[in-house]
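Colleague: I'd like a close look at one part of this model: start where the chain comes in, then walk me through the sheet and whatever is packed around it. Take your time and keep it to what the coordinates show.

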Amino acid sequence: MTRLAERVAVVTGAAAGIGRATAELFAEEGARVVLADVAADAVEEVAAGIRDAGGSAAAVVADVSSEAGVEAVVGAAEDRFGPVDVLVNNAGVELKKLVEDTSLADWERILRTNLTSAFLMCRRVVPGMKERRRGVIVMNSSVGNFIAATKSSAYGASKAGMMALARSLALEGAPYGIRVNAVCPGVIDTPMNERNLARSEDPEAMRRSWYEITPLGRLGTPRDVAQAMLFLACDESGFVTGLPLVIDGGRLIQ
């Protein structure tokens, strides 16, 4: 279990769900992981659990949608472990509203949290990666790049923007040995989707629909997505860049 041995990895939105699973798996594979999140108690608990299991991890409480938050996270990683080798842009929030019900404040909050944070994090770490002529960036995008959903205009735009950012950065980074890819999850059993269920008029019907649109007949787990993150972060995907890796249980093949 050493596919990321001695590499410094930063995972944003690491307090729960896919971010937590990714940070834990990266640590299992030998990475020195910096976990960033605004949820102070939760992210500290995850980092402590990784250390208790024999891994190397540090938690940073910061909002990576701001330049100050990004500097706090990357600066802490560099001070504690060294230059960032792997960046996972996972921080994100959801919004389920029709476009006419989406305020400008809603729109800006979703875009800043999901997309601007990824841009700011990339902008901070890419110069060092170019200098060292190596580095990996993985975005947590969505199957929303390929299919539409109602009440998802802001969220879908933010996730599609992450994929566009990944493609452009892949071209810019390729001459320097930097690879940039994205995972595109389908319905994953995360706290975010639990919140979506809780807000639904008919939670049972919504949950049934998730199973019905997934040919494999189950919801994805955070670990399913973390495994894909690991593949894109390690040398096994050394000839892969600028692409989406879909983890959706077969939803898109229908």
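Modeller: Let's start at glutamate 6, which counts as exposed because its relative accessible area is 54%, over the 50% cut-off. Keep in mind that this is a predicted model. Glutamate 6 sits in the segment before strand 1, and its phi is near 70°, a positive value in a residue that isn't glycine. Lysine 151 is another non-glycine residue with a positive phi, about 60° in its case. You'll find lysine 151 in the loop between strand 5 and helix 5, and with a relative accessible area of 42% it is partly exposed.

Now into the sheet. Seven strands make it up, in the order 3-2-1-4-5-6-7, and the pairing is parallel. Strand 3 and strand 7 (244-247) are the edges, each pairing on one side only. From one strand to the next, the twist averages 15°.

Strand 1 is a good place to stop, so look at valine 11, which belongs to that strand. Valine 11 counts as buried because its relative accessibility is 0%. Skipping residues up to four places away in sequence, valine 11 touches Gly19, Thr22, Ala23, Phe26, Val33, Val34, Leu35, Ala36 and Val88. Its C-alpha is also 6.2 Å from that of leucine 87, with their positions 76 residues apart in sequence.

That brings in strand 4. Strand 1 and strand 4 run parallel and are joined by three bridges, with valine 10 standing opposite leucine 87. Strand 4 covers residues 86-89 and is closed in on both faces: Val86 and Val88 are buried on one side, Leu87 and Asn89 on the other. Strand 4 also pairs with strand 5, again in the parallel sense, over four bridges; there, valine 86 faces valine 136. Put helix 4 together with strand 4 and strand 5 and you have a right-handed β-α-β unit.

Going the other way across the sheet, strand 2 and strand 3 run parallel and are linked by six bridges, and aspartate 37 stands opposite valine 61 of strand 3. Helix 3 lies across strand 1, strand 2 and strand 3, at about 150° to strand 3. Helix 4 packs on the sheet as well, touching strand 1, strand 4, strand 5 and strand 6, and its direction makes about 170° with that of strand 4.

What is the largest nonpolar core built from? It has 36 residues, and Val10, Val73, Met121, Ile137, Met139 and Val180 have the most contacts inside it. At least two residues each come from strand 1 (8-12), strand 2 (32-37), strand 3 (56-61), helix 3 (67-80), helix 4 (104-132), strand 5 (135-140), helix 5 (153-173) and strand 6 (178-185). Helix 4 gives the most, with nine residues. Valine 10 makes a handy example: beyond its neighbours within four places in sequence, it contacts Val34, Val73, Ala77, Val84, Val86, Leu87, Val88 and Met121. Apart from this core there is another one, of 34 residues, including Ala23, Ala27, Leu35 and Ile188.

Two more spots are worth a look towards the later part of the chain. Threonine 190 is in the loop between strand 6 and helix 6 (191-199). Despite the loop setting, threonine 190 is buried, with a relative accessible area of 9%. Leaving out neighbours within four places in sequence, it is in contact with Ile18 and Pro222.

The other spot is leucine 232, in helix 8 (residues 222-233). Leucine 232 counts as buried because its relative accessibility is 2%. Beyond four places in sequence, leucine 232 is in contact with Val136, Val138, Arg179, Asn181, Ala182, Val183, Ser237, Val240 and Leu245. Its C-alpha is separated by 8.5 Å from that of valine 180, 52 residues apart along the chain. Valine 180, you'll recall, is among the residues with the most contacts inside the largest core.

Conventions: Residues numbered from 1 in each chain as written. Predicted model: local features only at pLDDT ≥ 70, side-chain atom pairs only at ≥ 80, totals over all residues. Heavy atoms only, no water. Core = buried A, V, L, I, M, F, W, Y, C linked by side-chain atoms within 4.5 Å. Buried < 20%, exposed > 50% of the residue type's maximum accessible area, 1.4 Å probe, protein only. Contact = heavy atoms within 4.5 Å. Pairing = 2+ DSSP bridges. Right-handed = clockwise from strand over helix to strand, strands pointing away. Axes fitted to C-alpha atoms, helices over the stretch in contact; angles between N-to-C directions.
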